[in-house]
Amino acid sequence: MPGNASYGKKAFKRSRSHFTDRITADGRDGWPVEAGRYRLVVSKACPWASRALVVRRLLGLEDALSLAVTDPIQDDRSWRFTLDPDDRDPVLGIRFLSEAYDARETGYPGGVSVPAIVDVPSGNLVTNDYQQLTLDLETEWKALHRDGAPDLYPEPLRDEIDEVMEGIYRDVNNGVYRAGFASEQDAYEEAYGNVFARLDTLSRRLAGQRYLVGDTITEADVRLFTTLVRFDAVYHGHFKCNRNKLAEDPVLWAYARDLFQTPGFGDTVDFDHIKRHYYQVHTGINPTRIVPLGPDPSGWLTPHGREKLGGRPFGDGTPPAPR
């Protein structure tokens, strides 16, 4: 896997999403919201895809938007459906997600990323815009939300949510990658410093409030959670973000456990997929491909005490049904 072996040997820069069509209520990009028409493709290892998993479950879109889960271990053709019988996605009939990319744009030269939404009738990729995808599930797919679905992107708070998410994306979500895949000491130290400066800021913010914006769970919490839940398992050691573990920050560790124990969050997490992907795929920074045995995941289920801060996780809504 020459692409995977290159991690840590050249400067890291995250590619922009190439396919940015939107699935909307009015279908203005040619893709109207329609139950059963589209298939969400994710890896449970990927934090960007995990956002979509959490949001899909919180909003109750499981019946409206079907799910394909890729193998956490990629080969040189990227994400593959080797967890399914005959190594094919049973709905799309393809072996590799790249086939949906090729159906959309022949000879597409970019990377094959998740999350991705594929149009089932045509087999074409619709979007791999991980930044916009969940926002559209929250706003454009409202007619298909379950009864009691929370408002994860409330209009009165959107400016504040966007501001908080921008810092989280730059310094935390993407920052851990900039540190882990840095090829020069200076670049690593800059990214490392930004990661922990932002985490310190978030820790101070969350010391007196249960959620990042307002008194309910929002998209901002979803985006921070998917990085925090991977922090001690992979980012602390594998990506050298080792000033301290998440479990050593009392505020962030309690906040992350609070979300993990909230229906829709922890029940979408697969630590086996997470660890095997990072440690076995990124051979440029882990050439032995050895997967560490720790940390012990049972700590995620210990009491967090965040209830004393108040807040209403789902606002006027209700939690998703147990799985």
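Here's a quick briefing on the backbone oddities, the sheet and one helix pair in this structure. Keep in mind that this is a predicted model. There are two cis peptide bonds to look at, one joining V114 and P115 and one joining G294 and P295. D87 and K240 each show a positive phi without being a glycine. Then come an open sheet of four strands and the packing of α8 with α9.

**Backbone oddities**

- As background, most peptide bonds are trans, and most residues other than glycine have a negative phi.
- The bond from V114 to P115 is cis, with omega at about 0°. P115 sits in the loop that runs between α3 (98–104) and β3 (116–119).
- The bond from G294 to P295 is cis too, and here omega is about -5°. You'll find P295 in the segment after α10 (271–281).
- D87 isn't a glycine, yet its phi is positive, at about 55°. Look for D87 in the loop between β2 (66–69) and α3.
- D87 has a relative accessible area of 30%, so it counts as partly exposed, given that the partly exposed class lies between 20% and 50%.
- K240 also has a positive phi, about 60°, and it's not a glycine either. Its place is the loop between α8 (219–235) and α9 (250–260).
- K240 comes out as partly exposed, because its relative accessibility is 39%.

**The sheet**

- The four strands line up as β2-β1-β3-β4 in an open sheet, and the pairing is mixed.
- β2 and β4 (125–127) are the edge strands: each has a single partner strand, so one side of each has no neighbour in the sheet.
- On average, neighbouring strands in this sheet are turned by 35° against each other, ignoring direction.
- β1 (residues 38–42) pairs with β2 in the parallel sense, through four bridges. Across that pair, V41 stands opposite A68 of β2.

**Helix packing: α8 and α9**

- The axes of α8 and α9 are 10 Å apart and meet at an angle of about 110°.
- That angle makes α8 roughly perpendicular to α9, because the roughly perpendicular class covers 65 to 115 degrees.
- On the α8 side, D221, L224, F225, L228 and V229 make the contact. The α9 side contributes L252, Y255, A256, L259 and F260.
- Sorted by class, this contact of α8 with α9 holds nine nonpolar residues, one charged residue and no polar ones.

Conventions
Residues numbered from 1 in each chain as written. Predicted model: local features only at pLDDT ≥ 70, side-chain atom pairs only at ≥ 80, totals over all residues. Heavy atoms only, no water. Helix = DSSP H or I, 4+ residues; strand = E, 2+ residues; numbered from the N terminus. Buried < 20%, exposed > 50% of the residue type's maximum accessible area, 1.4 Å probe, protein only. Pairing = 2+ DSSP bridges. Axes fitted to C-alpha atoms, helices over the stretch in contact; angles between N-to-C directions. Parallel < 35°, antiparallel > 145°, perpendicular 65-115°, else oblique. Contact = heavy atoms within 4.5 Å. Nonpolar A, V, L, I, M, F, W, Y, C, P; charged D, E, K, R; others polar.
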